[in-house]
Amino acid sequence: MHIHRFEKIWLIIGGAIVVIFIVSLFISTFAMGMQPPSIRETIDPKVVDQTPPFDKPGLKQIGDKRYEADMTAFVFGYGPAQMEVPAGSTVTFRVTSKDVVHGFEIPGTDVNLMAVPGLVNEATQTFNKPGEYLILCNEYCGAGHQLMSAKLIVK
Ligand code: CUA
């Protein structure tokens with residue numbers, strides 16, 4: 001069978017692209033240890049209360065107007081239920097669940113996470129405007145879902 005010269009070139013290029021793709025997949029998976037970007041950190045959901053920093057959930061100051069909020073979600077609330085930061089603060093929320101999947105949304109901001117048992121998810125937000133920000137569960141999690149909330153006060 002006669003194969004046109006250009007056709008042959010395209011076949012070689014196509015084959016080479018497939019090989020490059022497979023090789024790069026192997027390199028990124030095994031050599032670089034890549035994970036899906038949303039998975040930051042894992043945690044044993046059965047011992048969240050004994051695992052730092054979630055054994056003492058709450059705000060930690062990590063710099064000038066920089067805070068880390070280590071938070072737990074559970075049926076039907078968050079730990080802690082209330083926090084307070086000065087206006088202009090940047091807060092990194094790190095969230096995990098002690099039981100089922102919950103939501104973690106702060107309306108009016110870009111924070112919209114899922115609190116998943118076994119995982120620690122995070123989002124960072126700067127709060128320039130003083131006020132009371134509600135943290136809400138937007139993932140149906142049972143009978144008390146509508147009551148599940150926490151509060152961030154920005155002063
Ligand atoms: Cu937690 Cu809905």
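Okay, a definition to get going: helices here are DSSP runs of H or I with at least four residues, strands are E runs of at least two, and both are numbered from the N terminus. On that basis the chain has one helix and eleven strands. Reading from the N terminus, the order is α-β-β-β-β-β-β-β-β-β-β-β.

Some housekeeping. Numbering starts at 1 along each chain, following the sequence as written. What you're looking at is a predicted model, so local features need pLDDT of at least 70, side-chain atom pairs count only at pLDDT 80 or more, and totals for chains, interfaces and linings use all residues.

How confident is the predictor? pLDDT is its confidence in each residue, from 0 to 100. The chain averages 90, and 88% of the residues score at least 70. For the complex, the predictor reports an ipTM of 0.98 and a pTM of 0.75. The usual caution: where pLDDT is low, the predicted coordinates should not be read in detail.

Now the overall layout. The domain assignment gives us domain 1, residues 1–34, and domain 2, residues 41–154; those bounds come from an automatic or database assignment. Taken over C-alpha atoms, the centres of domain 1 and domain 2 are 45 Å apart.

UniProt, in an unreviewed entry, lists residues 64–155 as "domain: Cytochrome oxidase subunit II copper A binding". UniProt positions are in the numbering used here, feature names are shortened, and annotations may be inferred rather than shown by experiment. That 64–155 stretch is 0% helix and 59% strand, and its end C-alpha atoms sit 16 Å apart.

Two chain-wide numbers. I'm calling a residue buried if 20 or more other C-beta atoms lie within 10 Å of its own, exposed if 12 or fewer, and partly exposed in between, with C-beta atoms placed from the backbone. Buried residues are 22% of the 155 in the chain. For contacts, two residues count if their C-beta atoms, again placed from the backbone, lie within 7 Å. Among contacts between residues at least 6 apart in sequence, 58% join residues at least 24 apart.

Let's zoom in on strand 3, residues 66–74. Which strands does it pair with? Pairing means DSSP finds at least two bridges between two strands.

Start with strand 2, residues 58–63. Strand 2 and strand 3 are antiparallel, with five bridges, and Leu59 has Ala69 in strand 3 as its bridge partner. The two strands form a hairpin with two residues between them, and that's where Lys65 takes a positive phi near 55°. If you're scanning a Ramachandran plot, note that Lys65 is a residue other than glycine. Lys65 is also partly exposed, because 14 other C-beta atoms lie within 10 Å.

At the other end, strand 3 runs into strand 4, residues 77–79. Those two are antiparallel over three bridges, and Phe74 is partnered with Gly77 in strand 4. Here too we have a hairpin with two residues between the strands. And there's an oddity in this loop: the peptide bond from Val75 to Phe76 is cis, with omega near 0°. Worth a look in your viewer, since Phe76 is in the loop between strand 3 and strand 4.

A second cis bond joins Gly79 and Pro80, with omega about -5°. Pro80 is in the loop between strand 4 and strand 5, the latter being residues 82–85.

Back to strand 3, and its partner strand 6, residues 89–97: this pair is parallel, with eight bridges. Arg66 stands opposite Thr90 in strand 6, and Met71 stands opposite Val95. Arg66 itself lies in strand 3 and is partly exposed, since 15 other C-beta atoms are within 10 Å. Its C-alpha atom is 5.8 Å from that of Ser89, although Arg66 and Ser89 are 23 residues apart along the chain.

So, is strand 6 buried or exposed? Seven of its nine residues are buried, so strand 6 is largely enclosed by the rest of the structure. Strand 6 also pairs with strand 9, residues 119–127, antiparallel this time and over seven bridges. In that pairing Arg94 stands opposite Glu122. If you're colouring side chains, a general reminder: in a regular strand the side chains alternate between the two faces of the sheet.

That's the tour, thanks.

Note on methods
pLDDT is the predictor's confidence in each residue, from 0 to 100.
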